[in-house]
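Colleague: I would like to know what the terms in your description rest on. Please take me through them one at a time.

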Amino acid sequence: MKSGMFGDIPVDVGVVYEGERIRKGEMHAELGGPDIKHKFELFRVKSPDKVEDGKIKVVGPEFKDMQEGSKLPFAIIVEASGKDLEEEMEGVFERRLHYFTNWVEGFMHLNQRNTIWCRVSKKSVQRGLTLEHLGKVIARLYHSECPIIEKVQVTFYTDPAEVEKLYSEALKIYDARDARARGLKDEDVDVFYGCTLCQSFAPTHVCVITPQRYANCGAIGWFDGRAAAKVDPKGPIYEVKIGECIDPLKGEWTGANESVKEKSLGEVKKVWLYTAFGYPHTSCGCFEAIAFYIPEVDGLGIVHRDFKGPAINGVPFSTMADSTAGGRQVDGFHGLSFEYMRSPKFLQADGGWYRIVWIPKEAKERVKDFIPPDVVDKIPTEEDVKSVEELKEFLKAHGHPIVEPSEHLKKLGVKGLKGVEAEVAATAEEAAPPTEVVTAPTITMPVSGVPGGMEFEIILKNAKIFAEKLIVRRIEKRKGGKE
Amino acid sequence: MSKTRIKFDELVTDLVKAKGLEFSVGRIIKEWEEEPGPTPMPDIGTFREWDHKLLTKYKPFYLPWCDLCCLCTFGKCDLSKGKRGACGLDMKAQLSRFVLLSCSIGAATHCGHARHMVEELIAKFGRDHPLDVGGENVYLEAPNIRLVTGIKPRTLADLEDVLDYCETEIVHLLSSCHTGQEGDNIDFESKVFHAGMIDHVSMEVADIAQISTYGFPKADPDAPLIEVGMGCIDKSKPVILVIGHNVPPAVEIADYMRNHGLEDSIEVCGICCTAIDLTRYSQKAKIVGPISFQLRFVRSGFADVIVVDEQCIRTDIVVEAQKVHAPLISTHYKNFQGLQDRTGDSVDDIVRDLVEGRVPGVAILDSEKAGEVAVRVATAIAPKRKKFKIVPEESAVIEEAKKCRKCYACVRVCPNTLPIPEALEEASKGNLQPLSELYESCVGCGRCEQEGICPAQIHPHTLIVGASKRRIAEEKHKMRAGRGAIQDVEIRRVGQPIVMGEIPGVVAFVGCANYPGTWKEVPIMASEFTKRRYIVCTTGCAAMSIGMYKDENGQSPYEAYPGAFEAGGLINCGSCVSNPHISGAAIKIASIFAKRKLRSNYEEIADYIHNRVGAVGVAWGAYSQKASSIASGFWRLGIPVIVGPHGSKYRRMLLGRKDDKEAWYVIDARTGKSAYAGPVPEHLFIAAETMEEAMVLIPKLCMRASDTTKGRAIKLNHYIDLHRRFFGELPDDVHLFVRTIADIPVTMKDEVMALLKEKGWEENENPNPDPTLLPRLVRAKSEG
């Protein structure tokens, strides 16, 4: 007899089954999946009187009654209540279903919402696994992991007619949820969330998560942060009172500054959330992409982690990543997530997408729908241009806004491509004659014991000087420090 | 960069007048942007303090293998029961001295190998040949070299400076073992760590050099699948067998064949790391198997020519090769094997003498010449030899088995105490199954066949192989060719899942084939942890053993799991000298996530790794001195290593005491205050008695002080789950690893809570410190 919280479940339950794949030959039945139109999963927050804690209902055939090898429509509806539960957290809790169901030995769950694809194995069904057991596991795990869930009930639908009936309703709920999430602005909320999970590897890095800025890793949005902070108030994801807005364009808030300063132990004193310059958001190591400044055109390039080969500036991702990682604020090199590229506030203080002058094709495809239509075709990829010279030509030929910046961009301090070219021309004239000046390296020979002002000469005859090593060190001019 | 010389017949400046001035520079070293750290080219005393910190936490536990010391003519001295030797040394110091000696031999072997290789590659490719281990996806190309020496190597010649340093250190280490030098066991142990660190640098030199020049896969997750197993060898062709670790002669064999259109008409196969490295060069080459396959394969008579280079070669190889009339070519001055040095002779003469059997073998210290001779001899001799073998047919095995008197002399000399007499008894009745089953657990040492062991003159090892013919014919497997380094971008990609607790750790299966039982335990362990979404790395003989396994779908683990450094990935880095890619990955994490400076900043990086990076090494069949020095390189970085039961013969373990609360405090770098972090990782070096014990230790030793609650929860989940599976109950020390309620795995909450209650567990007030053992890393909170 098994013991523990799943003692009554005939199969094992544990995170070890998360990566379990059930192949066709091992499969008893497929629920949802690419061949089935009607399938979905939903998490709904209800009032306590509408939820009977621990109730599991199956509408339609159980596993054992399904024909071996069959494919069926499928729906999972989880209804929960709790005094701190909010409707806007539904999406966050819904995604836990993927993990909870996968942890059941012999049950596979892929994708989410109305794309779910599940399989149950012959072996587990033979051992007596039922949908009812699956429901019990789900309910217990919600209780165990999320103490703010006070009551929870689970209903499975495997009857095709029932699933079809509920399907369109589910789609409406997803749409409404998406509209709400997309519509939510920084201005609509009074708290942001901070995340220090990465401090286990990057001890000075702090993420600030707002409705319009995902965490760098791409894994935690504002709603996730809200749920996590409620579930574990002492945990590494916490509330940040936004305080006063100092600069809405750059994205500076007093509350964010204080929080970042506190959590980075003073290493980072202020943060501008919507720019790659000045006091940009820090980067740990796992950012999905980098925005990098290209001085020749006064624009920003984007390169993502999976892009092989050098970016348009001749530098590969790995090298640029090294320049920006480790919880530092680096002017002009900025680690970010794909989700942030989809935000209307994406680098808004720098001109947003109007400032982006190069992006790899694969990355562009992923965010294409979020690039303003009047610039989307003007941003070249690695297939269009191979060098900065070609880039300049492309931008000019396609009339990219960086060539002659609009009034809006000018206000943001953007010089534009023509501006840069004019400056270069002016500098070249000043520095006449235009031949390259070579400065000979000087060797200083400190001679001790020689009285000041006394002239001397050194005569070497048939001298042979042998240096075992000659170290050539580039002397870099230090950039001006931050305040 | 090569040497520079400037000569002025006459030079007149305001300051200087010179005639016949000559200015020459030995080497020009290009500096780079990274500031040098505090410890470039550390000597054997530099990290004493760091080592002592680790050795306080993980106290050496000695396992005397022998009570006597017989190293000098004062002795023999009996060191048992607290006695000291004539020189004053006690047992603890003597045993740690022995570990140092072993690790120094190991480090010297890799360093000597690297030196030989770099010299040969410079002669062939030039001093300025650029180093490239992974193109644009590898920014940190030589993490160990940069970390220890402070050198950023760009060309082959730059590696010479690194080796100069390593050689100096090894000389000092070895000299510390002389009578009347070091006397304290902990200081010996510190030197052991030093040997290990130098070993990783030396190995990195060797592998970077060969990857950059020979066009091996460059940090490629999709490195090709190559063939492994005795059943893959096409014996209808002339067969050349290469054994050892130094690949250049084998590369020359492959080149000669390619240049003469012989690639498809001759079979080249190998044993040990030369085989692994050859398949990184030519996918047509095949791997016979690990070191334990030497005797059985040579005796099978498949090989028409045997070419040996260095390390892990049977020292009776001349005798064994002669038994099957296969000429032997030694290509290395470290390994003449008593053969005549024919390097200066013409190829025609050498080929004639070998084909006609005038000499058993020759030494040829010129790789190119050795390559040509091997191919030409194989072609000419194969028809004559007709695969002459000394492995008996099944009927002869049955007859021989009848002679057994069950005296158990063979069992007494067998390192794995295999039940040979029982198997022979069955064989004598015509049932070869039990004898053939021993094949899987036989380490191939041949001790059971030595003169004077069996009174009935039975050759058990030979009979085991003879009874396993069908098994051998089925040995056709796939292994991913050694990919070399881990890409920087791969490390970035796993950062988030590690922090979120989706990847529970990195496990490295490394080392030799001196397994305590069946070799299948290694692939079983590796598969289990890939399934559990650990990142599993491997090298050397362990990598081969993993490849020789088939799952229920008939796939090798390399076919079943991706070759990328990711959750559930199975990464074959390559040969023994590829191990620094594994330590290097841990080193890179510190640079990539925390931007800690790597350059000559060893102590800080080791502290980072020890407290944060959940990595553990498993050397299930470690036998050699090299294996011990490789392990000690991991120890100094604070990475625990688990060995199989034979590993206890290394004479000491480094064990933590989980019941000693005082030992497990770290400094919280945020505040400077000390914080209890729990016994993580619990041990630095431990021998597991069984595979099951090792599998429970792996997730346990992946726990680190900086784990997020999500990370700790998943590590605990695997620890508890495996413990329950193998031992039927919850481990009784779970409470020591739960810092806060959020650490408890969600699927085990009830049982764990009950255990915590029983143990009187209390929540840790500071469950997530910024852990360090180095007071200088405390970050004073800056004001203003």
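**Terms and what they rest on**

Modeller: This is a predicted model. Strand β19 (residues 464–472) of chain A is hardly covered, with a count of zero buried residues among its nine residues.

Colleague: What makes a residue in β19(A) fail to count as buried?

Modeller: A buried residue needs 20 or more other C-beta atoms within 10 Å of its own. The count of buried residues in β19(A) is zero, so none of its nine residues reaches that cut-off.

Colleague: How do you know that β19(A) pairs with strand β2 (residues 16–30) of chain B?

Modeller: Pairing takes at least two bridges. Eight bridges join β19(A) to β2(B), so the two strands pair; they run parallel. In β2(B), B:Val25 is the bridge partner of A:Ala467, and B:Arg27 stands opposite A:Lys469.

Colleague: How many residues does each chain bring to the contact?

Modeller: Chain B brings 63 residues and chain A brings 63 residues. On the side of chain B that touches chain A, β2(B) gives the most, with 15 residues. By class, that side has 23 nonpolar, 15 polar and 25 charged residues.

Colleague: Why are B:Phe529 and B:Met525 in helix α19 (residues 521–531) of chain B called buried?

Modeller: Both are listed as buried, which means that each has 20 or more other C-beta atoms within 10 Å of its own. Others buried in α19(B) include B:Val522 and B:Ala526. Residues three or four places apart in an α-helix point the same way, because there are 3.6 residues a turn. After α19(B) comes B:Arg533, with a positive phi near 65°.

Technical notes:
Residues are numbered from 1 along each chain as its sequence is written. Chains are lettered from A and ligands numbered from 1 in the order in which they are written. This is a predicted model: local features need pLDDT of at least 70, side-chain atom pairs count only at pLDDT 80 or more; totals for chains, interfaces and linings use all residues. A residue is buried if 20 or more other C-beta atoms lie within 10 Å of its own, exposed if 12 or fewer, and partly exposed in between; C-beta atoms are placed from the backbone. Helices (H or I, at least four residues) and strands (E, at least two) are DSSP runs, numbered from the N terminus. Two residues are in contact if their C-beta atoms, placed from the backbone, lie within 7 Å. Ala, Val, Leu, Ile, Met, Phe, Trp, Tyr, Cys and Pro count as nonpolar, Asp, Glu, Lys and Arg as charged, and the others, Gly among them, as polar.
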